[in-house]
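Colleague: Got a minute to go through this one with me? I'd like to talk cysteines and then helix packing.

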Amino acid sequence: MGGHRAHHRRHRGRGLVAGLIRAGNASDEEFDSGPLLLLPVLLGAAFSFYQAGSRSFACGRDIAGDEIHAWLAVSGVQGLLYLLATRSEPARRAYALTQFALLIPLLWVVAQLSLAYPRTFVVIGLGAVVYGLGVAAERLLAPGRAARAPDASVLSTVAEVVLFLLTAAVIHSALAFVVLYTPGRTLGDAAFFAIAAVSAGTAFLLLRRDRACIARLAVTDVPPLALLLLVLLRTKLPDGAYDSLFYKATMPVLIADWRTALTGIYDHTLVGTNFLEILNAQVRILDGEYSVAIGATLASAALWIVGPVAARAAMPAALGGARPLACAAAALSLVSLSETLSAAGTSYHEPMLALLMAASLLPFAPAWILMGAAVAAKVTVVFVLPLLILLKVVSRQAAESPQAGGATGSWGAQVVSAIRDFAWHELRSRPLATAVALALALFVTGQQFDRNLAQTGRIMAVSEMLAGLTDPQGRVLAREGMNPVFDAAGSRIAVERYGQTFVHVLTLDRWIEPDDLGFHRLPTSRLIAVAAVIALLAPLVPALRRRPWAIALAATWLLCAIATLNFFSQGRHLFPLSVSAAFVVPLVAGLALRGSTPPREALGLAVAAFAFALAAFGDQVIGTYVNNSWDCRRPLRAGVVKNDYDRPVTPLEQRLAELVAHYRSRHPPGSGTPPTVLCEPPTERMRYLGSHYVFSKSTHLLTLRRLAAHPEDAARLPTSILAVCFANLNFFHNAIPEPQRKHFREVPGVGIIRIMVSDPLMSGLPATSLQSGRTPWLSRAIAPPPLEDFIAGWSSGRLTDYARVDTPSGLGAFVMAVEDRATGIVLSPFGIGFDDVRFAEGDRLAVELAMPTAASDGMQLEFVFAGAEGTRQSVRLALEPPAAGEAALRWKRHRLAVPAGIHGRGSLAVIASSPSGNPTADWAYLREFRLER
């Protein structure tokens, strides 16, 4: 009996397996499993509403009021109509009606913003005029090429202008980047406008070659305007986001003001990935009242135009009847991501990053430049590059055979063949444009990592990741075991990196309390969890097993997510995964739905429309309701309150701005390096003070690591730091080594905050930079020539001591005229050092020396040579004072061989000493002091 039951169970098991096999091999008409993939989308939407119970959403529950709920409700209804419009003519007409109705409040808010920031809108208008003039000139010179497609529309023309402005801005910022990080150079007006002309011309030529990719856009192709209205309404209120005054809004003001991105001491926000600060600084140069929050809003508005175009480009024709819905679902998901809506009205970078990533999927040459800019804007985009490229490859798959997915042969051969065909098509169809675009893309990203290596010896700049390869001995910065902020993911076990992140994506803080070093309180889109589940389920769905590209996309996204989470664990770093999921999820779902019987396909697409509309609305709720210390209301009738990033308000800000103004009166912006105001972390963020400001512990630590690797750089601190503000004296002692403290004096502070200022800088010396240790490779072409004549370049030297001395300059090393000739003068026990010296084999140091007074007991000059490998060697010369009563100076010339082993880029210092150390008598004159080749 028991054996019979066992046999029955085995038979039943075989029957079940056989049934599953038959189901897996059945046609879509027999077993339609495609709609199963819509279940994760619905579950993702459900978790969005579950997250709304988080403590992070006081905006939606307690602060915002009924108005925000009303606009969200309208956007939700519009989202559903937007997707149903791809399947139903009545829904399309209803959606168009709501879009036109919303134009009235939308234009009202745009008018308010344009009156508050008129110059910004004028700059945009001038860019559009430049493009229009280029089109007019093209029609005159090449009328056939300039002909517009017959199905062009106003919105497609707007998209064309937006892409031109975006491409030109990226190219301009990439070129300006080089100048801004070149020691000894500033971005003057002539260079700025020359770069602007080159950038506009290049962008125009690249875009006009491929403008046909921007197909006709109608108002029904544009995502819900109610959601855009929510973004614009938020922009009318001040930007109170944490990182705004930290660096995102104040750094562009600093760079635009001083025309350089090199500062007195290190700033981890300027040696990390900061391409968008550079881009915003370029607009600030054109418009002195430009607000970075307005820039983020403009990027969001551009996404409403570029998003549908990118979605249409990314969805292949192989989707068949599911393609219109997949395009609309991708566009709606893209503009609904929680990260971008959380950043609405702030200086955060997510809107611009989403725009760059979306535009990089377009089938035109500038897409490669925009892809490179996305990587330079946020390094985590590197981890989704394979997926973005695969999306571009898949978008060209016009058709799929039922069994092979569009090609014959093995699956691997199909992938290799498709990628090869894609690359060949790119190069063959537009060889010059593609070559230029790829070169610029490599240039955008290459200089970012080049600059990081030059200044920190680390590819990631602020992290020890890969430092064992790039700076194994800690010669640029002292090594640290692990950065608790930027290397947090590397210290976590797999369950924390992957499992807890998955939980936080779905539940935020309702199950596991987040922390700043872990997931972070800013939520990310639930689409990340949806894409992960779909990637795991895709191989189990028969409808997808016959479409290898769907499996490839899902698997690639999952691998990109695993790679990202291996290095980054904070939710705000996962945004590139959210953007890519906005394209992958609709595409894979569309492939699963394609090919069903007409009734089932209609039902599946209707369910898909509802699922994606609900998921997008869930993201909208979370992104709009999140409370991260900024104002979350959306008042339609309220006026615009402008941001005050550059207007000191608090008493401490005003006091520090006064000190900066004293320095600027002698060294105005554009004349050199902005010195640093360094404050103890409890003083927190401040508005722009007129110079560089640091309060972050991470930045302070970076500077201390530089000094640990190069103790001699501490001598530069009195001309790098203008002021130190603190409540605890230990902070000052920790920041300034003891030998340099004598060059700082206390001035009146504010309340309990004490202020020490630099005597050398306040007395008129120009600021120097700790960051100019090595010129980045890509900047060397425009870098000032290496120093050879040290008398002529005396002002670029760094003094070893700034103690006050009874000399014409008040310093122990200076230049003055002797016998009608510029002469360097060094007193004992002072010295001066010069960086950016290039040593070559056979070089000699020519020096001509004299001593002016017989009261001296003799001197010694030590010439300290430092080579590219850190090798240091010294050569000493003894000087004898003149005889008593001798009137004429006795000049003595020497030609000193550069010591063996000293080569490449290094430094040279001359340090005076004497038995008595008498600065009133022990003076050395250097009439000649130069390298001879």
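Modeller: Sure, we'll take the cysteines and then a pair of helices, and keep in mind that this is a predicted model.

Colleague: How many disulfides does a search of the whole structure find?

Modeller: The search turns up one. C679 and C725 are the partners, with an S to S distance of 1.7 Å.

Colleague: Where do C679 and C725 sit in the chain?

Modeller: C679 is in strand β1 (residues 676-679) and C725 is in strand β3 (residues 721-726). They are 46 residues apart, so the link ties together distant parts of the chain.

Colleague: And are those two buried or exposed?

Modeller: Buried, both C679 and C725. The link between them is right-handed, with 130° about the S-S bond.

Colleague: What about C327, how far away is the nearest cysteine sulfur?

Modeller: That sulfur belongs to C213 and is 14 Å away, and C327 is in no disulfide. C327 has a relative accessible area of 11%, so it counts as buried, because the cut-off is under 20%.

Colleague: Is C560 buried or exposed?

Modeller: Buried too: C560 has 4% relative accessibility.

Colleague: OK, switching to helices. At what angle do α2 and α24 cross?

Modeller: Helix α2 (residues 38-51) and helix α24 (residues 494-507) cross at roughly 75°, and their axes come within 7 Å. So α2 is roughly perpendicular to α24.

Colleague: Which residues make the contact?

Modeller: From α2, F47, Y50 and Q51; from α24, H504, V505, L506 and T507.

Colleague: What's the mix by class?

Modeller: Four nonpolar and three polar residues, with no charged ones in the contact of α2 with α24.

Notes. Residues are numbered from 1 along each chain as its sequence is written. This is a predicted model: local features need pLDDT of at least 70, side-chain atom pairs count only at pLDDT 80 or more; totals for chains, interfaces and linings use all residues. Side-chain values use heavy atoms; hydrogens and water are left out. A disulfide is a pair of cysteine sulfur atoms within 2.5 Å. Helices (H or I, at least four residues) and strands (E, at least two) are DSSP runs, numbered from the N terminus. Buried means under 20% relative accessible area, exposed over 50%, partly exposed in between (1.4 Å probe, protein chains only). Axes are lines fitted to C-alpha atoms, for helices over the stretch in contact, and angles run from 0 to 180 degrees between N-to-C directions. Angles under 35 degrees count as roughly parallel, over 145 as roughly antiparallel, 65 to 115 as roughly perpendicular and the rest as oblique. Contact means heavy atoms within 4.5 Å. Ala, Val, Leu, Ile, Met, Phe, Trp, Tyr, Cys and Pro count as nonpolar, Asp, Glu, Lys and Arg as charged, and the others, Gly among them, as polar.
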